[in-house]
Amino acid sequence: MTDKINAPVGGKLSAVKGMNDVLPPDSATVQWLEEKVRQLMARYAYRNIRTPIVEKTPLFVRGLGEVTDIVEKEMYCFEDRLNGDPLTLRPEATAGVVRAAIEHNLLYDGGKRLYYIGPMFRHERPQKGRYRQFDQIGAEALGFGGADVDAELILMASALWAEIGLSDVRLEINSLGQPGERLAHRQALIAHFEAHQDALDEDARRRLYSNPLRILDSKNPVMQPIVNAAPKLLDFLGEASLAHFESLQAILRAGGVGYAINPRLVRGMDYYNLTVFEFVTDRLGAQGTVCAGGRYDYLFEQLGGKPSPAVGWALGVDRVLELVKASSAPIELPVLDAYAIVTDIASLPHVLPVLQQLRGLGLCIQTHASTQGEMGSMKSQFKRADASGARFALIFGADEVAAGQVTIKPLRNAAESQFTRALADLAAWAGTLQSPL
Ligand code: ATP
Ligand code: MG
């Protein structure tokens, strides 16, 4: 281990495959989305939770299920070098959120509505819309058993699509019923797939007896006919499960949220029961699921907590942003109010406190930086000012500095002429800018 850490120095280093840098200006689009989400969550009374990126490995094995894609082949697992603890980079956040809720007795005074934004890690084959580090935004409603909260979460996601200008995401829903109902379905599934052994791929054969429901989640095109012909879980549901599914649909219909029932929708983790749903699009090829979730009423018990119903969803930030870029969504990107041009390096001690004060009033200002003790020519500074996209150049020339003034030149509109203000009047000028504070 130490040998690896002390690898020879030198050579160019690159990022880990499937883990991307987000550079400006793209980072501004990500921030724009995150800001929309924060505002939306506040409107639905969901509060932010932040759990660690690393958790103990058994949390995911117990929480997600041993026979799942994630646990079988996608987790980044390692040993804590100091005490040998088995640790894992979180592949998803629901297990960690529930662990935290149990650990801190979060539900002692009733249900909690929570959301998170952050990176997840899965060792998958990197391709468009599928990365090894990717951001998810998720919402979890803990301690609520009613279909009204399932509906609330779905309505909240729909509101987000509207808010960010996405129109071609469709909602698919299904019910996985309760464990007892799944048992009867499981027997029927095994019988169906046993009768078509030859058509099963390797994954499916391996899962035939350990987790046959998972076979319905197969993305292998060759498997589709036999999967489509499989017995439907919906036909095995009892009255209570059907009633829950029906009340969800009644609220969605009343809310004008279109949906389709997809009897094959089972989701990739074992912790789901009753409602499951996905928002899908045809615009992203094979990576068409942008947001997915469902009810997980047994996860608290499975992780050693008091039984508590819960429901949530997670969306893939990369996939949503891909859709945003392809749409005509009005992304408000940050605009610089001003670019400060300073002709004489000796006047910086005089100028910088003035800019500090303007920034205190909420203005976004980029200051021309010195190189090797020089500020550079006026012409080169103007070029930078133009390229920065700022609305104004604040010119601190020798005359201005001597007179306690600044010249303000509008940069976005050639028809507007420049003017001069006393430093004492700058705050009043800043007030006229209606800069977003
Ligand atoms: P998929 O079927 O595409 O593998 P999943 O069922 O594994 O998705 P979830 O675990 O439910 O996905 O995660 C919720 C959302 O997170 C997905 O709908 C997707 O938008 C996003 N997501 C999942 N895995 C990745 C990944 N490797 N890279 C980028 N986004 C991802
Ligand atoms: Mg997956």
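Contact here means heavy atoms within 4.5 Å. Keep that cut-off in mind as you look through these close-ups of a predicted model.

**View 1. The contacts of L142.** Leaving aside residues up to four places away in sequence, L142 touches V97, V98, A101, L107, G111, K112 and L114. On the list as well are Y296, F300, P309 and A310.

**View 2. The largest nonpolar core and a second one.** L142 appears again here: together with L64, F193 and L216, L142 touches the most other members of the largest nonpolar core, which has 47 residues. Helix α5, spanning residues 94-103, is the top contributor to this core, giving 5 residues. Have a look, too, at a second, separate core of 44 residues, whose members include A139, L160, C291 and V311.

**View 3. The shell around ligand 1.** There are 17 residues around ligand 1, and those that come nearest are R122, E124, R130, K219 and R267. Sorted by class, the shell holds 7 nonpolar, 4 polar and 6 charged residues.

**View 4. Polar contacts of ligand 1, and its burial.** Three residues are worth zooming in on. In Q136, an N or O atom of the side chain is 2.9 Å from an oxygen atom of ligand 1. T289 takes part through its backbone, with a polar atom there 2.9 Å from a ligand 1 oxygen. For R319, a polar side-chain atom lies 3.0 Å from an oxygen atom of ligand 1. The protein buries 94% of the 580 Å² that ligand 1 exposes when taken alone.

**View 5. Strands around ligand 1.** The elements giving two or more residues to the shell are β6 (133-142), β10 (289-295) and β11 (310-316). Of the shell residues, β10 supplies the largest share, 4 residues.

Technical notes: Residues are numbered from 1 along each chain as its sequence is written. Chains are lettered from A and ligands numbered from 1 in the order in which they are written. This is a predicted model: local features need pLDDT of at least 70, side-chain atom pairs count only at pLDDT 80 or more; totals for chains, interfaces and linings use all residues. Side-chain values use heavy atoms; hydrogens and water are left out. A nonpolar core is a set of buried Ala, Val, Leu, Ile, Met, Phe, Trp, Tyr and Cys residues joined through side-chain atoms within 4.5 Å. Buried means under 20% relative accessible area, exposed over 50%, partly exposed in between (1.4 Å probe, protein chains only). A residue is near a molecule or strand if one of its heavy atoms lies within 4 Å of it. A polar contact is a pair of N or O atoms within 3.5 Å; within protein, one must be able to donate a hydrogen and the other to accept it, and residues adjacent in sequence count only if both atoms are side-chain atoms. Accessible areas come from the Shrake-Rupley method with a 1.4 Å probe; for residues, only the protein chains shown count as cover. Ala, Val, Leu, Ile, Met, Phe, Trp, Tyr, Cys and Pro count as nonpolar, Asp, Glu, Lys and Arg as charged, and the others, Gly among them, as polar.
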